[in-house]
Amino acid sequence: MFIISDDLEAFLINLVIIFALLFYFHFINSKRNLLATPWAIGIICSIATGLCMFFSVSLVPGFIIDMRFIPFIIGSLYGGRKVAVFLFVNLLFYRFLIGHDQGFYSVVAIYPFMTLLLLYFIPHFHKTTKFKEKAFMAVFPASLGVFTLLGILFTKGLHLSGESSLSIIPLYITQLLGIFFFIHLIERKRNELFLLDEIKQLEKLKIVSDIAASISHEVRNPLTVTRGFLQLLNDNNLSNEKKAMYISLSLQELDRADATITDYLTFAKPSLKHIEFLDLSKEICYVIDVVNPYATLHNVEVNYRKTNNIFIVGEKQKLHQCLINLMKNGVEAMPNGGQLNISLEANDDKAVVNIADNGIGMTAQQINRLGTPYYSTKDKGTGLGMMVVYSIVKIMGGKVKVTSKVNVGTCFALEFPLKRFEDASVRATSLPTIE
């Protein structure tokens, strides 16, 4: 056994300190707070340096061996030049407190040169992105310090027993390897965070691109159809009935383009301007009357269980738009016909609208992607409809909950803040504008 039990205990304590320091750097890599500032790094590394020197191994009289190199070099490189000078002064102060002996003068001889070398490397360390260069700028000053200290030990002719010599070298090699792995782990974590940020940026760009493609496709189609009908109107031999039909179809296509743009604007900048108290049951009945012809065309029966005196605050037109989108989706989810069941209930302080169909249903993966740009479960869908639904419900202070089973059906539960019935007498103009 090369190291006596007390020195082994001190060595293990040094390892614990270094692992705690590694955890600290891992933490600040993923956070942006006061603990990640250069001076915070300096203080933490200064404390770690002092603890390492306090729990040291003394194999040579007058000289102590510990893992101070790691917090000193890592703190200097990542903290900056001012932190490097701060750590150097603290290191000298700690060593003076421990003992004013020949080991102290060796520290005075070695560390100023190491600090100057670090001061030269620090700007290059922060500029380069290559791991090999960063590892070299960290390990080289430490190696130089180790060899200089060993040279001083042998030059002064200090007595080194076989056990001491075989213990000192592994301890310093451990520090050099520790510095190398410190840099490796810190830079690896930073690269991972950098790549994650890049992926997030690419996802944002992809969303913008998908939305632009969706809008372009949906608007261009009706414009192309309208252009074709207008060209046909140039035919002098065209009957009045044909002209009227072409004009009617052109207007319908322009309305479709306008609806698409409206959906996009609702998603891009949702706002409520005309706020009023809404009787949910009354508004649901209105929307059902609008959707019923479409449902009948698809052989779908709409059932509604009425509940009176349930009020919310919102904008009528946007609520209609939201409910129409969901009901139409429910109808289209039943290609062979079925039942669309709608219910309204008050649950504590929430008004809950349930829209359930017995159609094709969705998987958990499809549910998770609902409301994301350019995603639709329909072959010709753009995903804008569901994006609008989620945006409207959110701006009205509500939530959307979806439950579904494949080949069983889907239920959309819209939760809105419930308003008391007696508050319905308050004028809508007295309500604040929500944007």
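Helices in this account are DSSP runs of H or I with at least four residues, numbered from the N terminus, and it is in these terms that the predicted model shown above is described. Being four residues apart in helix α7, Arg188 and Glu192 are separated by about one helical turn, and their side chains meet in a salt bridge with an N to O distance of 3.6 Å. Arg188 has a relative accessibility of 49%, and because the partly exposed class runs from 20% to 50%, this residue falls within it. Glu192, with a relative accessible area of 41%, is likewise partly exposed.

With that pair as a starting point, the chain as a whole can be considered. Its secondary structure comes to 12 helices and nine strands, and buried residues make up 44% of its 435 residues. Of the contacts in the chain with a separation of 6 or more, 74% are accounted for by residues 24 or more positions apart. The chain exposes about 24300 Å², of which carbon and sulfur atoms supply 61%.

The interior is best approached through its largest nonpolar core, which has 55 residues and in which Phe25, Phe72, Ile73, Ile74, Tyr111 and Phe182 touch the most other members. At least two residues of this core are supplied by each of the helices α1 (5–29), α2 (38–54), α3 (69–79), α4 (81–98), α5 (102–127), α6 (131–155) and α7 (162–232). The largest share, 10 residues, comes from α5. Phe72 can serve as a guide to the surroundings of one such member: leaving aside residues up to four places away in sequence, Phe72 touches Thr49, Ala84, Leu87, Phe88, Leu91, Tyr111, Met114, Thr115 and Leu118. A second core, separate from this one, has 40 residues, and among them are Val302, Cys322, Leu344 and Val353.

Helix α4 also holds Phe96, an aromatic residue whose relative accessibility is 44%, so that Phe96 counts as partly exposed. Phe96 and Val107 are 11 residues apart in sequence, and the distance between their C-alpha atoms is 9.7 Å.

Charged side chains provide another way through the model, since the structure holds six salt bridges, one of which, between Arg188 and Glu192, has already been described. Another joins the side chains of Glu187 and Lys134, at 3.2 Å from N to O. Glu187 lies in helix α7 and Lys134 in helix α6, so this pair ties together parts that are 53 residues apart in sequence. Both Glu187 and Lys134 are buried, whereas Arg188, which follows Glu187 in the numbering, is partly exposed.

Further along the chain, Lys350 forms a salt bridge with Glu415, in which the closest N and O atoms are 3.5 Å apart. This pair links distant parts of the chain, with Lys350 in strand β7 (residues 350–357) and Glu415 in strand β9 (residues 409–417), 65 residues apart. The partners fall into separate accessibility classes: Lys350, at 32% relative accessibility, counts as partly exposed, while Glu415, with a relative accessible area of 11%, is buried because that value is under 20%. The pair does not stand alone, for Lys350, Lys401 and Glu415 are linked in a network of salt bridges.

Definitions and conventions
Residues are numbered from 1 along each chain as its sequence is written. This is a predicted model: local features need pLDDT of at least 70, side-chain atom pairs count only at pLDDT 80 or more; totals for chains, interfaces and linings use all residues. Side-chain values use heavy atoms; hydrogens and water are left out. A nonpolar core is a set of buried Ala, Val, Leu, Ile, Met, Phe, Trp, Tyr and Cys residues joined through side-chain atoms within 4.5 Å. Buried means under 20% relative accessible area, exposed over 50%, partly exposed in between (1.4 Å probe, protein chains only). Contact means heavy atoms within 4.5 Å. A salt bridge is a side-chain nitrogen of Lys or Arg within 4 Å of a carboxyl oxygen of Asp or Glu. Accessible areas come from the Shrake-Rupley method with a 1.4 Å probe; for residues, only the protein chains shown count as cover.
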